[in-house]
Amino acid sequence: MATPSAVLLLIAVVIGTAAAQIQSPYPVLNITKGAPLPVLAELKPDASGWVTLNMQPATIVGPGDNTTEGDPYIVYTGRTYNQELIAGMIRHVQGDTLRLRVCNNLTAHMETTTGKFDPDYAKHTQPMTSGGISVFKDINILANHLHGFYGSMGTDSPPCDPMPEGGPCYRGDNIFADIEPGQCAYYQYDFPRIASPGALWLHPHHHGSSSVQTHTATVPVLLDVNPSGGLDPLSSDSCMAANMKRFFPADNSNEIILHMQSFMFAVYTEASQNIQNATGPIDDGYITNVVGALPGDALCCSGPEKLDDGSGGTTWENSGDTGPDAGDSFSKLPFYTSGVNADFVTVNGAYQPVINMEAGKVYRWMIIEAAIMKWVHLGFDKPGCVMGIVSRDANYLHTIPRLAESLVLVAANRIELLIKCDAGTYQLQSGTNKTFTQDPGCGSSHCDVYQQPIVATIEVAETPGALPTPADPFGSCTPALPPYLQDLRDPFLTAAHRNEIVPSTGNTGLMNFTNPQEPGPPSSACALNGMTYQDMNAMQEIIGELHELSLWNINVHPYHHHTQPFQIISLPDGVDSDLNNGSWRVGDWADTLELPNIGFQAIVRWIPGPVEITGTGYAVLHCHILPHEDEGCMMKTHLLEKAYMPDPKPTGAHSQGGKAGLTIMVLVLVVGLIGVPVVLYKKKKARKAAENDALMSTQYEAARTQSTGV
């Protein structure tokens, strides 16, 4: 596909009463404030069956009017999908195939402040060796990831069927495939019939530029139950007896999608915190600092050295500035932030939207926390609403719904819940009078909980005859779960592979801080087991065998595992309690886990496969603070049918960089030598073990049978 012309019609936009004239050659997207919640349009396939996402620049403005100190206000040119704040949503059913075309319409030649068209935006930058970590790089090179997809990784898969014309096609979630400016790539996602329904999301995943691109380019994907043979969690005898399906109408008429994005444009008022050192910004928690580490970016970010509205005449001169600029760049485009809070959350592309509901009616919320870092702790400003969690990260709980007064979501989490409210007006808040707060041991802004008194306003209209909402308006039941979500907590199960991700000497976290900072513990790199990402090293995952992973110090860094979810087997003392129902409980399944300010270690288990669904190939696990992933907090995984000692095999993709530098330590993996498939677990002395083995064997054989042809 041809790249857009470098010469575009210059658009002049006048913003607010400060009369600051903002000029941009790209479409201007306005973040609304206090308007009705936007309804995301469904993205439909074209005549050839492909849904298309085009990465293109757009200038984002709002949500304040640049005259009120209390309202955030930004002008920022980012990389978007289809030049929209959110391109839309995608909907599919189990057993169906999503055919996705992802095109990189960014240009390889961009004009900078030097007046020259830099031709290097299509070139791959090798990671710096100074400091020994990966870096922010390759800002106009794209890769694609369907977060939460249970299926093939797309690296060793059979060809797409049918094969498209116009670009390479990957049958699965191949994050290693680069899409360079002017190119398109095709992805065939085959959803298994046994996949747990729920919310997934698409976002860029090129190593080095994922944080800058994902910041403004995300798309929710909803997987529904297939009424023609899909696994319906509500079909269990327990859920049928509880009549739980009445809350899940086939037409989704009570569904409300809340796709949350974070705009992080604050910078420290202390100039020294924004200085770029050899390995990047001192605090990478704000996107302004991340882009400050990309001085060659022609899209962002120039602007005044004292961040204000650019007009020189604000109504609160010298009182609402957010501090020094993150650094000079080559960009000719405007970049401003002002107001006391230039770090805020939007819902469906809107700031503080209004959600309209009716009293006496049960709604189903699908919340997607499509953030690159930080976390939210959601709750209401007053009593009157009752919430019950159905699933986390598209994995049904073992008993649904689980009543919760508040909700904890870290970057990349999804929650499906039932909610019923009395008539009235409610504020959905984050970080206000809730249990969890910022971890006091973290000195970086990425550890913050969002403190936003109004994430959304809920207007619940009176309904004639509606009774007050009882303490439990839903009832409960035990859903039918797919084989890959069966309970692995049985103490008689012995993990064939026990691995551990631990801090290395001088570091204090699973995925430790990017650079030395005050306050906070010192660190030498953002690392896993003291090692930044290496393309030629991978942790083996053996299909059909039980894996156990100990995660240390995940109180400030979300751990994310591609391709397959994991079950939480152990949490720190006091965490697994009814007081933390809005967080994680032992037994829950997830694909992203963090324990903000409440615990340091978790033990998780999973069984890869079956091979008919996942295939074999390469994926990754990483910190889902995406600037940290860009900087090297990532490890390759290799899914195999049996363990072996392979020669190092790079993926061949520039996006994954190379070896880390001098500060890398040797990776410590404690791998058990008991290679016993789950379907052939050794019998234990207790009768329960033998019964469990037979059950697991039956379930996995059923999974293989059901997945035939998927």
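## Reading a fold, feature by feature

Visitor: Leaving aside its neighbours within four places in sequence, which residues is isoleucine 419 in contact with?

Guide: Beyond those neighbours, isoleucine 419 is in contact with Met357, Lys361, Val362, Tyr363, Trp365, Phe380, Cys385, Val386, Met387 and Phe474. Please keep in mind that this is a predicted model.

Visitor: How do I read such a list, and what is the nonpolar core around it?

Guide: The general idea is that in soluble globular proteins, nonpolar side chains tend to be buried together. Here, the largest nonpolar core has 117 residues, and those with the most contacts inside it are Leu100, Met357, Trp365 and Ile419. Apart from that core lies another one, of 13 residues, which include Ile74, Phe263, Cys300 and Tyr351.

Visitor: What share of the chain is buried?

Guide: Of the 710 residues of the protein chain, 63% count as buried. The chain exposes about 24900 Å², and carbon and sulfur atoms supply 54% of that area.

Visitor: Can you show me how one residue gets the label "buried"?

Guide: Gladly! A residue counts as buried when its relative accessible area is under 20%. Proline 192 has 1% relative accessibility, so proline 192 counts as buried. Its place is in the loop between strand 12 (184-190) and strand 13 (198-204). Try finding glycine 230 as well: the C-alpha atoms of proline 192 and glycine 230 are separated by 8.4 Å, though the two residues are 38 apart along the chain.

Visitor: How many helices and strands does the protein chain have?

Guide: The chain has 6 helices and 39 strands.

Visitor: And how should I read the way strands fit together?

Guide: Strands of a sheet pair through backbone hydrogen bonds, either parallel or antiparallel. In this model, one open sheet of 5 strands has the order 31-39-38-33-36, with mixed pairing. Strand 31 (538-542) and strand 36 (592-593) are its edge strands, each pairing on one side only. Within that order, strand 38 (residues 617-623) and strand 39 (residues 634-640) pair in the antiparallel sense over 6 bridges. Glycine 617 stands opposite leucine 639 in strand 39.

Visitor: Why is strand 34 described as largely enclosed by the rest of the structure?

Guide: Because 4 of the 5 residues of strand 34 (residues 566-570) are buried. Strand 34 runs antiparallel to strand 35 (residues 589-590), with 2 bridges joining them, and phenylalanine 566 has alanine 590 as its bridge partner in strand 35. Strand 34 is also joined to strand 37 (residues 601-606) by 3 bridges, again antiparallel. There, glutamine 567 has arginine 605 as its bridge partner.

Visitor: How many aromatic pairs does the structure hold?

Guide: It holds 12 aromatic pairs. Tyrosine 187 and tyrosine 189 make a stacked one, with 6.2 Å centre to centre and 10 degrees between the planes. Both of these tyrosines are buried. The rings of phenylalanine 344 and tyrosine 351 have centres 5.5 Å apart and planes at 80 degrees, so that pair is edge-to-face. Phenylalanine 344 and tyrosine 351 are buried too.

Visitor: Which residues form one aromatic cluster with Tyr187 and Tyr189?

Guide: Phe149, Tyr170 and Phe191 join Tyr187 and Tyr189 in one aromatic cluster.

Visitor: What lies over the face of tyrosine 450, and what lies over the face of phenylalanine 176?

Guide: Lysine 374 lies over the face of tyrosine 450, at 4.4 Å from the ring centre. For phenylalanine 176, the residue over the face is lysine 636, at 5.4 Å from the ring centre.

Technical notes. Residues numbered from 1 in each chain as written. Predicted model: local features only at pLDDT ≥ 70, side-chain atom pairs only at ≥ 80, totals over all residues. Heavy atoms only, no water. Buried < 20%, exposed > 50% of the residue type's maximum accessible area, 1.4 Å probe, protein only. Areas by Shrake-Rupley, 256 points an atom, 1.4 Å probe, with all protein chains shown as cover. Phe/Tyr/Trp six-rings, centres within 6.5 Å; stacked < 30°, edge-to-face > 60°. Lys NZ or Arg CZ within 6 Å of the ring centre and 35° of its normal. Pairing = 2+ DSSP bridges. Core = buried A, V, L, I, M, F, W, Y, C linked by side-chain atoms within 4.5 Å. Contact = heavy atoms within 4.5 Å.
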